[in-house]
Amino acid sequence: MKKIDRETVQKILDAADIVDVVSDFVSLKRRGANYIGLCPFHNERTPSFSVSKSKGICKCFSCGKGGAPVNFLMELEQMSYQEALRWLANKYHIEIKEREESEEERRQASEREQMFAVNEFALNHFKQNLTDTDDGRAIGLTYFRQRGISDAMIERFRLGYAIDRSDDLRNAANHAGYKDEYLEKTGLTIRNEQGRIYDRFRGRVIYPVHTLSGKVVAFGGRTLRTDKSTAKYVNSPESQIYRKSFELYGMYQARQAIARTDKCILVEGYMDVISMHQAGIENVVASSGTSLTDGQIRMIHRFTQNVTVIYDSDAAGIKASLRGIDLLLAEGLNIKVLLLPDGDDPDSFAQHNPAEVVEQYIKDNETDFIRFKTRILLEDAGSDPMKRSKVISDILRSISVIPDAVTRGVYADECARLMGVKADMLHIQLKKLVADIAYRQALKQQGDKARSSVDDLTPQQIQDASDDVADINAAVSRRLRPYEEALLKLVLKHGNYAFTSYTNPNNQQEMLPLRVIDYVAADLENDEVTFTDAALAHVFQCAVDMAANEWPDAHNRFVDNQRQIMADRLEQGRRALAAESMSVADITRGEIELNERVQREFDEAVADFDAGFVARRAVSSPDDMLRRISTDLIVEPHQLSKIYSNVPSERERLLELLPRTLHELKSMHLSVELDTILGELKLAQERNDTKEVTRLITRMMERKALQNDFARYLGERNLNPDRLPGWE
């Protein structure tokens, strides 16, 4: 398999004009330097979709979607990265050149393609079994018909049946030329200890699992036997092409409806999804009976921020899944919950009611998750004061992971009302919980060991501590994230711009350019400061890699091109001066001004290219996380009015902004460390450990002195790049 070569990709990205591309889908009107229109991602009456020609980015300041041309197409048309590139190449009549892959790339690609091919063969084999064999029609098709599934849904979800023979699929695949190696790697067959190979899914109806692009990566099989010794469901194992934690059943079929309705409905099983789709509710996916994972949540977040989780009336099942939804809250998603009538699950409810009834029931009965969780746990606690106390702690734990502080406060007030306790008490407990989370995470990050022995902990305490790790990570990251985002925004927007210079340590007479990204990377490394937010850390590292590996060659190509442009402008200018028949003195003066103007334009063009290089690469990257975060950080909702044209630009203020932003981040790191020390000090005082108390007080005074130094620095706002460690 061939890939589009890097040079062609860059030609496509360079040719793609964001205004031109968006205009194919949205009616745009010029407003100042930008263009505006109605957002294509959600319904609106007042335009909030802004397109910046100079930055090459679009963004809706209502729903948040947009990006560079590639990302815009991926979001709007649900294209893959390669599909979006080919669409743009076709639009701009760019010939696509593909490169041969390396031997290792070919080996990996071949293995993946073989596995995809085997899965596709198995899919068609299972489908044919269902409709074209006696067993398939009598058993599999009869089952689906009894469950009320239409032929249209059988085709839409590509359902099938595996004949109840140990080698039916294997023999068919071998006969078609597929090797046992790939049948085993995909999990379609199993080899036992004696070396015998047999089909995994024999005697089961089959539910294929698709990627967003429609490729089959796995299968789920349900037995129709009543024998309790036989597992009801069997699923494909994880493989090179299938990571269960990154897939949601039905997402391929639901993705467009989710984007259109700006909501994802989350259910549990295969039949729940299929029946809801059959009822006309198509924005439905399933976690397939497992707890939600970060990868699945990120997939949902790509299409919407609004999630409704549907539960049946099984109280035990509801309580078991409540904690997993905290991950959705921590991601900043808006979570609602729907409880179905007694005896119903999403499958039966959708089967027994018309589409309009199902839609209206969802609209009328979905409720906020925190309120729902409070009610469910209160019902179980009854009037027992100890159980009610535990309910409060559980609810506050969920509230504490919500990123927005205002939302946390509103939920705490609502929880107080439902629990019949004073809101002030809950707010105090919530602050304590958040502080405790931050404290324990700081301990973990600094490598400090817990003061109590693990042997003294009960199994439940160990489990609770394990469960708190995600909450702890989120708390510190939320505290530091605004400062990390502010720094990363400067790196992305100004990247390779040489904002000042420093003395060459090997030649004191020579000044070397100091670029934004190099300065930030060296300063952070010198003070051993890292991004605590994993996503922001990923974006920063990508930016550093692009600046180091891709920018030099791109810079040289751009400079060569600009020099040719500059030479053409100089030649045109000289001809114009000569044609005006001025005096020799006027021609000489005119040439001097011409040279200065063209040189100034050249310098500005190169500076703009260097400054925006990282941003341009990032917002058009095939890396979803890099592309999304970079777009969000780069695009500004407002622009400075022309009446403030004398106000220095951000680029002109980098000598002040960069060191200040770095020191504000470091100062906040110190605050986190001081909170940690205070927590340790309290524990030491409770143990009457005089030696430890003395050590901690000394350490605290040292850190406070350093914090005061930071405060003085932030007041002075001075930068001397020659004193920057790492540049000496």
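Helix 19 is followed by Gly 420, which has a positive phi near 70 degrees. The model described here is predicted. Besides this helix, the briefing covers two open sheets, one of four strands with antiparallel pairing and one of five strands with mixed pairing.

**Helix 19 and its end**

- Helix 19 covers residues 405-419, 15 residues in total.
- From the first C-alpha to the last, helix 19 reaches 21 Å, close to the 21 Å expected at 1.5 Å a residue.
- The buried residues of helix 19 are Arg 408, Gly 409, Tyr 411, Ala 412, Glu 414, Cys 415, Ala 416 and Met 419.
- As background to such a list, an α-helix has 3.6 residues a turn, so residues three or four places apart point the same way.
- After helix 19 comes Gly 420, with its positive phi.

**The four-strand antiparallel sheet**

- The strand order in this open sheet is 8-11-12-13, and the pairing is antiparallel.
- Strand 8 (160-162) and strand 13 (233-235) are at the edges; each has a single partner strand, so one side of each is left without a neighbour in the sheet.
- From one strand to the next, the twist averages 30 degrees.
- Three bridges connect strand 12 (residues 216-223) with strand 13 in the antiparallel sense.
- Arg 222 has Tyr 233, in strand 13, as its bridge partner.
- Helix 11 (residues 270-278) packs on this sheet and touches strand 11 (204-210), strand 12 and strand 13.
- The direction of helix 11 makes about 75 degrees with that of strand 11.

**The five-strand mixed sheet**

- This open sheet has the order 15-14-16-17-18, with mixed pairing.
- Its edge strands are strand 15 (284-286) and strand 18 (367-368), each of which pairs on one side only.
- Strand 14 (residues 264-267) pairs with strand 16 (residues 306-311) in the parallel sense over three bridges.
- Opposite Ile 265 stands Thr 308, in strand 16.
- Strand 16 and strand 17 (residues 334-339) run parallel and are joined by six bridges.
- Opposite Ile 310 stands Leu 338, in strand 17.
- Strand 17 and strand 18, by contrast, run antiparallel and are joined by two bridges.
- Opposite Val 337 stands Thr 367, in strand 18.

Definitions and conventions:
Residues numbered from 1 in each chain as written. Predicted model: local features only at pLDDT ≥ 70, side-chain atom pairs only at ≥ 80, totals over all residues. Heavy atoms only, no water. Pairing = 2+ DSSP bridges. Axes fitted to C-alpha atoms, helices over the stretch in contact; angles between N-to-C directions. Contact = heavy atoms within 4.5 Å. Expected span 1.5 Å × (residues − 1). Buried < 20%, exposed > 50% of the residue type's maximum accessible area, 1.4 Å probe, protein only.
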